[in-house]
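The exercises below ask the reader to work from individual rings outward to the whole chain. Each task is followed by a solution that proceeds step by step.

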Amino acid sequence: MENEQHEKYEYARNRIRQKKRLYYHFVVFLLGSLFMYLANNLFQVFPDTQWYSWVIALWLFLFILHFIRVYITDRFMNKQWERDQINKLIAKQEQRIAQLEKKHLPPTEN
């Protein structure tokens with residue numbers, strides 16, 4: 001029971017850490033995007049191109065991947081999901097072994 005409580009606590013702690021990193025990533029993305037926009041338009045860093053829009057688009061794509069990982073993938077494919085998949089595979093193996101033993105063992109006399 002205590003081990004189960006510890007696992008729940010660790011899972012919650014990891015989820016909070018993931019969300020915290022995602023929010024930090026979002027803030028850095030906003031500030032970085034603003035800085036690149038200002039660098040291009042106010043400070044005239046490569047003024048003839050729209051380089052910052054490509055960088056921001058790429059960064060936004062990476063942020064979206066980070067968001068998907070935190071809120072979709074890791075949420076549904078967590079420790080409990082892993083445990084369930086392992087239990088299913090073990091049950092299939094045991095069923096297959098029982099079938100093979102039944103098929104290859106001679107019948108016993110009563």
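**Exercise 1.** Which residues form one aromatic cluster in this predicted model, and how many aromatic pairs does the structure hold?

*Solution.* The cluster is made up of Phe26, Phe29, Trp59 and Phe63. For the structure as a whole, the number of aromatic pairs is six.

**Exercise 2.** Classify the pair formed by the rings of Phe26 and Phe63, and state which parts of the chain the pair ties together.

*Solution.* Begin with the geometry: the ring centres of Phe26 and Phe63 are 5.5 Å apart, which falls within the 6.5 Å allowed for a pair. The planes of the two rings meet at 40°, and because planes under 30 degrees apart count as stacked and those over 60 as edge-to-face, the pair of Phe26 and Phe63 is tilted. Next, place the residues: Phe26 belongs to helix H1 (residues 2-41), whereas Phe63 belongs to helix H2 (residues 51-76), so the pair ties together parts that are 37 residues apart in sequence. Finally, consider exposure, where the cut-off for buried is under 20% relative accessible area: Phe63, at 12% relative accessibility, counts as buried, while Phe26, with a relative accessible area of 36%, is partly exposed.

**Exercise 3.** Is the pair of Trp51 and Tyr52 stacked or edge-to-face, and is Tyr52 buried or exposed?

*Solution.* The centres of the rings of Trp51 and Tyr52 lie 6.3 Å apart and the angle between their planes is 90°, which makes the pair edge-to-face. Tyr52 counts as buried, at 12% relative accessibility, whereas Trp51 is partly exposed, with a relative accessible area of 24%.

**Exercise 4.** Describe the fold along the sequence, and explain why the protein chain is described as more spread out than a compact globule.

*Solution.* The protein chain contains three helices and zero strands, and reading along the sequence gives the pattern α-α-α. For 110 residues the globule rule gives 13 Å, and the radius of gyration of the protein chain, 26 Å, is well over that value, so the chain is more spread out than a compact globule. Along the principal axes, the C-alpha atoms fill a box of roughly 95 × 35 × 15 Å, and 15% of the 110 residues count as buried. Among contacts with a separation of 6 or more in the protein chain, 64% are accounted for by residues 24 or more positions apart.

**Exercise 5.** What supplies the exposed area, and how far apart do the centres of the charge sets lie?

*Solution.* The protein chain exposes about 9800 Å², of which carbon and sulfur atoms supply 64%. There are 16 positive and 11 negative side chains, and the centres of these two sets lie 5 Å apart.

Methods
Residues are numbered from 1 along each chain as its sequence is written. This is a predicted model: local features need pLDDT of at least 70, side-chain atom pairs count only at pLDDT 80 or more; totals for chains, interfaces and linings use all residues. Side-chain values use heavy atoms; hydrogens and water are left out. Helices (H or I, at least four residues) and strands (E, at least two) are DSSP runs, numbered from the N terminus. The radius of gyration is taken over C-alpha atoms; the globule rule is 2.2 Å times the number of residues to the power 0.38. Buried means under 20% relative accessible area, exposed over 50%, partly exposed in between (1.4 Å probe, protein chains only). Contact means heavy atoms within 4.5 Å. Accessible areas come from the Shrake-Rupley method with a 1.4 Å probe; for residues, only the protein chains shown count as cover. Lys and Arg count as positive and Asp and Glu as negative; His and the chain ends are not counted. The place of a charge is taken as NZ of Lys, CZ of Arg, CG of Asp or CD of Glu.
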